[in-house]
Amino acid sequence: MESIMPGMEAKVDDLLRVLDEDIRHVRASLERLDELRGLVIKRDQAGLGRLLEKIREETQEYSTNESKRELIRMGFAADLRCPVGDMTLSRLESLLGDQRRIEVGERQALLWSLMQELKKEHARTAMLLSDCARFNSVLLRSIVDPGNAGGGTYGSDGVKQVQTNSVFVSLQL
């Protein structure tokens with residue numbers, strides 16, 4: 001097993017700062033998804049606009065952190081004479097002393113846990129947006145063509161009553 005060179009301590013410190021920023025970013029992303037769902041449910045267009053602008057700004061700021069992480073990774077790979085693709089946190093951990101191994105391992109475990117949570121929240125948000133799109137489509141069809149929308153009303157005898165002669169919107173010019 002290789003061991004980390006003494007001059008690489010500063011790179012480990014830089015890496016820990018980058019990982020802390022990754023953790024902050026994933027936590028913020030979780031908050032944004034929750035906020036997005038709330039605004040969609042409330043149909044708050046102004047709030048959605050502000051949220052999307054905030055997400056754009058944060059994404060641009062975060063790209064700097066991604067670049068830093070990749071540069072640190074390339075530096076470790078060069079120092080250890082291994083391909084960049086083989087330079088992982090797990091490999092780095094195996095080269096560190098006990099205290100540093102614990103610090104990197106804790107951040108790696110926290111990031112993994114947060115990413116699993118982010119995947120779940122992303123799926124929930126996608127399902128909500130899909131349901132909203134489906135509902136809007138049915139609603140629009142019922143307004144434009146109530147006879148074929150699959151909706152309608154039911155009489156007291158349980159028989160569907162479709163009014164084909166009363167259209168809300170005329171599509172004729």
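**Thr-125**

I started with Thr-125, which sits in helix 4. This is a predicted model, so I keep that in mind for every entry. Is Thr-125 buried or exposed? I found a relative accessibility of 3%. Buried means under 20%, so Thr-125 counts as buried. Next I asked which residues Thr-125 is in contact with, leaving aside its neighbours within four places in sequence. I got Leu-33, Leu-36 and Arg-37.

**Helix 1 against helix 4**

Helix 1 covers residues 9-42, and helix 4 covers residues 98-144. I looked up how their axes run: they come within 9 Å of each other and cross at roughly 20°. Angles under 35 degrees count as roughly parallel, so that is what I wrote down for helix 1 and helix 4. I also noted the hand of the crossing, and helix 1 passes helix 4 in a left-handed one. What kinds of residues make up the contact of helix 1 with helix 4? I noted 19 nonpolar, three polar and 12 charged.

**Leu-96**

I moved on to Leu-96, in the loop between helix 3 and helix 4. Helix 3 is 89-95, for my own bookkeeping. I wanted to know whether this loop residue is buried or exposed. Leu-96 has a relative accessible area of 3%, and anything under 20% is buried, so I put Leu-96 down as buried. I then checked Leu-96 against Glu-9. In sequence they are 87 residues apart, while in space I get 9.4 Å from C-alpha to C-alpha.

**Asp-79**

I found Asp-79 in helix 2, which spans 45-80. Its relative accessible area is 24%. That value falls between the 20% cut-off for buried and the 50% cut-off for exposed, so I call Asp-79 partly exposed. How far is Asp-79 from Met-8? I noted 71 residues in sequence, and 8.4 Å in space, again C-alpha to C-alpha.

**Two arginines with positive phi**

I went through the backbone angles next. Most residues other than glycine have a negative phi, so I flagged the exceptions I came across. Phi of Arg-43 is near 60°, and phi of Arg-81 is near 55°. Where do they sit? I placed Arg-43 in the loop between helix 1 and helix 2. Arg-81 is in the loop between helix 2 and helix 3.

I also looked at how much of each is open to the outside. Arg-43 has a relative accessible area of 70%, and exposed means over 50%, so Arg-43 is exposed. Arg-81 comes out at 75%, so by that cut-off I have Arg-81 as exposed too.

**The whole chain**

I left the overall picture for the end. How many helices and strands does the protein have? I have four helices and two strands on the page, and read along the sequence the pattern is α-α-α-α-β-β. Of the 173 residues, 27% count as buried, with Leu-96 and Thr-125 among them.

I also looked up the contacts with a separation of 6 or more. Residues 24 or more positions apart account for 60% of these contacts. The last thing I looked up was the surface: the protein exposes about 11900 Å², and carbon and sulfur atoms supply 56% of that area.

Notes:
Residues numbered from 1 in each chain as written. Predicted model: local features only at pLDDT ≥ 70, side-chain atom pairs only at ≥ 80, totals over all residues. Heavy atoms only, no water. Buried < 20%, exposed > 50% of the residue type's maximum accessible area, 1.4 Å probe, protein only. Axes fitted to C-alpha atoms, helices over the stretch in contact; angles between N-to-C directions. Parallel < 35°, antiparallel > 145°, perpendicular 65-115°, else oblique. Left-handed = near helix turned anticlockwise from the far one by under 90°. Nonpolar A, V, L, I, M, F, W, Y, C, P; charged D, E, K, R; others polar. Contact = heavy atoms within 4.5 Å. Areas by Shrake-Rupley, 256 points an atom, 1.4 Å probe, with all protein chains shown as cover.
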